[in-house]
Amino acid sequence: MPQPAATGNASDPDRLAPAVVEWFAHAARPLPWRAADVSPWAVLVSEFMLQQTQVSRVQPRWEAWIARWPTPAALAAEPPAEAVRAWDRLGYPRRALWLHRAATEIVERHGGEVPRDLDDLLALQGIGPYTARAVAAFAFGDRHPVVDTNTRRVIARAVDGRAEAGPPATARDLAAMERLLPADRDAAHRFNAGAMELGATVCTARAPRCDACPVADLCAWRARGYPAYDGPRRTRQARFAGSDREARGLVMRELRAAHRPVPAEELRRVLPDDPERFRRALEGLVADGLAVASLDGYVLPHA
DNA sequence: TAAGCGTGGCA
DNA sequence: TTGCCAAGCTT
């Protein structure tokens with residue numbers, strides 16, 4: 001399909017990266033894992049914690065985690081139970097288990113050094129398309145498209161002129177970011193980080209601050225008059241109150257606090273009115289390896 | 001491809 | 001208050 005001449009077309013995608021990079025140079029939040037002297041391991045830990053979890057909740061847990069386990073080997077030397085406890089209430093405690101397992105894999109397969117190669121990173125437990133590229137790009141400075149929910153939204157609006165990104169499709173999303181990514185390594189790094197930052201702080205899901213947006217003048221969504229989203233709706237997240245997830249969280253809270261086996265009869269008091277939901281939650285946690293049945297009750301995993 | 005997975009902030 | 005959303009991953 002023929003393209004119009006690049007003579008200042010309002011939504012010229014080639015202008016997006018330079019504008020975002022320039023904005024990011026002064027607008028970036030001073031997040032601790034962005035400091036120049038942070039190790040690849042510390043970056044990797046931040047990326048695990050930030051999966052589906054807000055910056056404000058991650059920061060204190062990350063500081064404590066890095067102080068206690070400054071290397072993959074330090075974490076791998078402890079039982080998974082300690083990782084789950086230190087994870088505290090960050091949510092999705094399977095991530096703590098996966099991070100511990102990834103640390104073990106890094107020690108076993110990579111001599112204790114976080115790998116730089118994308119395929120090596122992807123092979124680690126709990127690391128998917130986003131986290132692998134985030135570590136390669138942010139910890140090592142390599143040129144990869146990094147696509148998270150923020151970047152997807154920025155591209156959907158600024159480039160595609162749509163209010164929302166629609167369902168994720170990894171290959172397509174990566175290709176879309178690759179088309180925008182500067183050839184220069186350092187610029188690519190800054191654009192990856194800047195696009196995420198823009199989506200997180202300005203081009204937000206619910207109340208975008210277009211008046212403060214550095215790319216408002218080349219935003220296709222704005223040029224079209226902010227049309228409403230007309231694509232497929234995201235499947236609604238089930239209500240949390242009364243859910244199995246809530247039950248799992250209550251059980252995990254007990255197991256983290258107890259430093260001895262908790263008998264099932266005692267554990268079920270977290271959900272006195274719903275024994276069936278308690279049973280499903282506990283079975284699920286055991287299946288996930290977050291709870292282990294011992295002679296005297298249930299404990300966090302020690303191996 | 002879609003469901004399931006914690007917890008908390010915010011409108 | 002209720003519902004949406006959040007630096008995703010695994011199955």
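Biologist: How far from a base nitrogen of DNA strand B is an N or O atom in the side chain of R206?
Modeller: This is a predicted model, in which local features need pLDDT of at least 70, side-chain atom pairs count only at pLDDT 80 or more, and totals for chains, interfaces and linings use all residues. Residues are numbered from 1 along each chain as its sequence is written, chains are lettered from A and ligands numbered from 1 in the order in which they are written, and side-chain values use heavy atoms, with hydrogens and water left out. Between protein and DNA, a polar contact is a pair of N or O atoms within 3.5 Å. For the side chain of R206 and the base nitrogen of DNA strand B, the distance is 2.9 Å.

Biologist: Which residue has a polar backbone atom 2.9 Å from a sugar or linking oxygen of DNA strand B?
Modeller: The backbone takes part in this region too, since a polar backbone atom of L90 lies 3.1 Å from a base nitrogen of DNA strand B. The residue whose polar backbone atom is 2.9 Å from a sugar or linking oxygen of that strand is Y92.

Biologist: Which helix gives the most residues to the surface near DNA strand B?
Modeller: A residue is near a strand if one of its heavy atoms lies within 4 Å of it, and 18 residues around DNA strand B qualify, with P93, F240, R245, R248 and G249 coming nearest. Helices are DSSP runs of H or I with at least four residues, and strands are runs of E with at least two, numbered from the N terminus. At least two residues each come from α6 (94-110) and α13 (244-257). The most, three residues, come from α13.

Biologist: What share of the atoms of DNA strand C that come within 4 Å of the protein is sugar and phosphate?
Modeller: DNA strand C is surrounded by 28 residues, and the closest are W33, L50, G128, R153 and R239. Within 4 Å of the protein, the share of the atoms of DNA strand C that sugar and phosphate account for is 63%.

Biologist: Which elements give two or more residues to the surface near DNA strand C?
Modeller: A backbone N or O atom of Q52 lies 3.1 Å from a phosphate oxygen of this strand, while a polar side-chain atom of Q54 lies 3.2 Å from a base nitrogen. A polar backbone atom of Y130 is 3.4 Å from a phosphate oxygen of DNA strand C. The elements that give two or more residues to this surface are α2 (40-50), α8 (129-139) and α9 (149-158).

Biologist: Why can helix α5 be called largely enclosed by the rest of the structure?
Modeller: Buried means under 20% relative accessible area, computed with a 1.4 Å probe on the protein chains only. The buried residues of α5 pack against α2, α3 (55-68), α4 (72-76), α6 and α13, where a contact means heavy atoms within 4.5 Å. Helix α5 (residues 80-87) is largely enclosed because its buried residues number eight of eight.

Biologist: How much of the chain over residues 49-201 is helix?
Modeller: UniProt, in an unreviewed entry, places the feature "domain: HhH-GPD" at residues 49-201, though such annotations may be inferred rather than shown by experiment. Chain A holds 15 helices and two strands, but over residues 49-201 the strand content is 0%. The helix content over this stretch is 65%.

Definitions and conventions:
Polar contact = N/O pair within 3.5 Å; in protein donor to acceptor, adjacent residues only side chain to side chain. Buried < 20%, exposed > 50% of the residue type's maximum accessible area, 1.4 Å probe, protein only.
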